[in-house]
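Here are some notes to read beside the structure. Please keep the model open and look for each element as it comes up.

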Amino acid sequence: MTEINYERADLEACGVPRRFLDVLYGEMKDTEAIKVARKHAKDVARGACLVLSGPVGVGKTVAAVRLLRWLYQRRICGLFRGAAEVSRENISKLADVPALILDDFGQERFSQDTEYLLELRHARVMPTVITTNLTLDAVKRAYGERLVDRFREWAIFYELKGTSLRRKET
Ligand SMILES: Nc1ncnc2c1ncn2[C@@H]1O[C@H](COP(=O)(O)OP(=O)(O)O)[C@@H](O)[C@H]1O
Ligand SMILES: [Mg+2]
């Protein structure tokens, strides 16, 4: 019988899409995003917010999921959600979960919900990782000074550079 990877199954139950688990349990490269996630893992565990900002395909989501795994191994359980999935109905659950990966922040249509969610997590000092294509300036333009001011206090805002790691699957 093939062995069950319980850790992988648990991360899948946290909402991590399979594509990222395949990378996580495959041949992981030490990308800039992974290095940043590793460097700030303890800060996140203590309740900071890590924002991985950058162009598409530089490995932001993979790095965020790597960090979720690191937290999971330290008994901080979390959820992975796309920012577009945040709604009135799930906001209190997402505000309370010990760790939250908010993927593709800035892609959602109802930005007030994600903004409020982040306000709650900032107030509660809760481990949070955000991936986004928005620079800090663009966040300011889209969400305003209120959120950016909270980020100044709470977030490690990291602007990644580089070109897409995505390759055509053969
Ligand atoms: N650390 C890594 N090791 C190996 N491949 C990676 C790594 N990070 C990203 N990739 C590859 O690049 C693709 C895009 O990564 P992803 O994290 O989705 O980028 P982003 O969120 O920045 O758009 C992944 O599907 C995977 O094929
Ligand atoms: Mg992504």
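1. The helix that gives the most to the shell around ligand 1 is α4, with 3 residues, and in reading this one should keep in mind that the model is a predicted one. Both α2 (18-24) and α4 (60-73) supply at least two residues each to that shell, so these two helices are a good place to begin looking.

2. Around ligand 1 there are 16 residues, and among these the ones that come nearest are Gly59, Lys60, Thr61, Val62 and Leu165. When the residues of the shell are sorted by class, 7 turn out to be nonpolar, 5 polar and 4 charged.

3. How are the strands ordered in the sheet? The sheet is an open one, formed by 5 strands that follow the order β2-β3-β4-β1-β5, and the pairing is parallel. At the edges lie β2 (78-82) and β5 (155-159), each of which pairs on one side only. From one strand to the next, the twist averages 15 degrees.

4. Within this sheet, strand β1 (residues 49-53) pairs with β5 in the parallel sense, and the pairing runs over 5 bridges. To find one place where these strands meet, look at Val51, whose bridge partner in β5 is Phe157.

5. The helix α4, already met in the shell around ligand 1, also packs on the sheet, where α4 touches β1, β2, β3 (99-105) and β4 (128-132). The direction of α4 makes about 175 degrees with that of β3.

6. Which helix packs with α7 (residues 136-143), and at what angle? The partner is α8 (residues 145-154), and the two helices pack at an angle of about 140 degrees, their axes being 7 Å apart. Because angles over 145 degrees would count as roughly antiparallel and 65 to 115 as roughly perpendicular, the angle here makes α7 oblique to α8.

7. The contact between these helices is made on one side by Leu136, Val139, Lys140 and Tyr143 of α7, and on the other by Glu145, Leu147 and Val148 of α8. Sorted by class, this contact has 5 nonpolar and 2 charged residues, with no polar ones.

8. Is Thr163, which lies in the segment after β5, buried or exposed? Thr163 has 9 other C-beta atoms within 10 Å, and a residue counts as exposed if that number is 12 or fewer, so Thr163 is exposed. Although Thr163 and Val56 are 107 residues apart along the chain, their C-alpha atoms are separated by 7.8 Å.

How values were computed. Residues numbered from 1 in each chain as written. Chains lettered and ligands numbered in written order. Predicted model: local features only at pLDDT ≥ 70, side-chain atom pairs only at ≥ 80, totals over all residues. Near = placed C-beta within 6 Å. Helix = DSSP H or I, 4+ residues; strand = E, 2+ residues; numbered from the N terminus. Nonpolar A, V, L, I, M, F, W, Y, C, P; charged D, E, K, R; others polar. Axes fitted to C-alpha atoms, helices over the stretch in contact; angles between N-to-C directions. Parallel < 35°, antiparallel > 145°, perpendicular 65-115°, else oblique. Contact = placed C-beta atoms within 7 Å. Pairing = 2+ DSSP bridges. Buried ≥ 20, exposed ≤ 12 C-beta atoms within 10 Å, placed from the backbone.
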